[in-house]
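Morning, everyone. I have one structure today, and I'll take you through the ligand site and then the core. Please have a look at the screen.

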Amino acid sequence: MSVLRLTCSPRGAESESHRLSQFVVDGLARADAARGRDLVEIDANRLPHVDAEYAWALGSPSDPDGDPAGSLHQSDRLIQSLADADYVVIATPMHNYTVPSALKVWIDHVVRVRSTFTVTREGKIGVLADKPVFVAVSSGGLFSGGEARQPDFLTPYLKVALATIGLKRLTFFSVEGTAMGGQALEAARLRTQAEIAAYFADAADTLAEVAVQAPRGGSLFSTDRP
Ligand SMILES: Cc1cc2nc3c(=O)[nH]c(=O)nc-3n(C[C@H](O)[C@H](O)[C@H](O)COP(=O)(O)O)c2cc1C
């Protein structure tokens, strides 16, 4: 099985969200052990913003002729890696109530007209084969439950952005209140780790079955694959 993990914290592999995502990656490996594990890692902080050619192309009625360069090429590669994955794991902090800018950059590269969605009279229709997407979120304060004192634009935004391209099977896990530190943080970590363990204990059969049935992306572009 192929797992695509996107790490979005500026702290990379040292981050709370990356740490949390590892429990998901390990849970997937146990749940779908028969196929072995191929882990493709993307550090979203290394992705450049989309460039002018990309913006022109997306605003035009068709993509430019010839070999894509710059962001168009980067976008091709990122979309292909998404299409090739059986599972997607997104490790992200909450920044200013929503996704960090690095995750937004990745979204700008993969939510792309004519490539991952089409526009119809009824609205945008995703073209990627749906697959399980796990989102491991870390936040300094609480954003869910009765004690939350801030809005959450992260989860609803990600649901809409990824549904646009066909990915609708999102599961969120979060370690909230990291700013409290100490025992409160440790307790939050243990609670979420237990949630993840329970999820994969229950979901093992279904996940393996779904992943085997889901069609792989095939080659979506004529350029070199990552
Ligand atoms: C630029 C920035 C904005 C932040 N905004 C929020 C926020 O809106 N809500 C919140 O709860 N925490 C916020 N935080 C705190 C982080 O979400 C928190 O430290 C989190 O645990 C970081 O996870 P990481 O280690 O995966 O990067 C912000 C942190 C930074 C650096």
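Start with the ligand. Sixteen residues surround it, and of those 16 the nearest are Ser9, Ser15, Ser17, Pro93 and Gly140. Two elements each give two or more residues to this shell: α1, residues 16-31, and β6, residues 132-139. By class, the shell holds eleven polar, three nonpolar and two charged residues. Keep in mind that this is a predicted model.

Now the record. The unreviewed UniProt entry has a "binding site" annotation covering Ser9, Ser15, Glu16, Ser17, Ser138, Ser139, Gly140 and Gly141.

Let's take two of these in turn. Ser9 sits in the loop between β1, residues 2-7, and α1. Is Ser9 buried or exposed? Count the neighbours: 24 other C-beta atoms lie within 10 Å. The cut-off for buried is 20 or more, so Ser9 is buried. Setting aside neighbours within four places in sequence, Ser9 is in contact with Ser15, Ser17, His18, Ala91, Thr92 and Pro93.

Next, Gly140. This glycine is in the loop between β6 and α5, residues 154-164. Gly140 has 15 other C-beta atoms within 10 Å, so it counts as partly exposed. Leaving out residues up to four places away in sequence, Gly140 touches Thr178 and Ala179.

Last, the core. The largest nonpolar core has 45 residues, and Val89, Trp106 and Ala136 touch the most other members. What does Trp106 contact, beyond its neighbours within four places in sequence? The partners are Leu6, Ala44, Leu47 and Leu78.

That's my part. Over to you for discussion.

Technical notes. Residues numbered from 1 in each chain as written. Predicted model: local features only at pLDDT ≥ 70, side-chain atom pairs only at ≥ 80, totals over all residues. Near = placed C-beta within 6 Å. Helix = DSSP H or I, 4+ residues; strand = E, 2+ residues; numbered from the N terminus. Nonpolar A, V, L, I, M, F, W, Y, C, P; charged D, E, K, R; others polar. Core = buried A, V, L, I, M, F, W, Y, C linked by C-beta atoms within 7 Å. Buried ≥ 20, exposed ≤ 12 C-beta atoms within 10 Å, placed from the backbone. Contact = placed C-beta atoms within 7 Å. UniProt positions renumbered as here; feature names shortened; annotations may be inferred.
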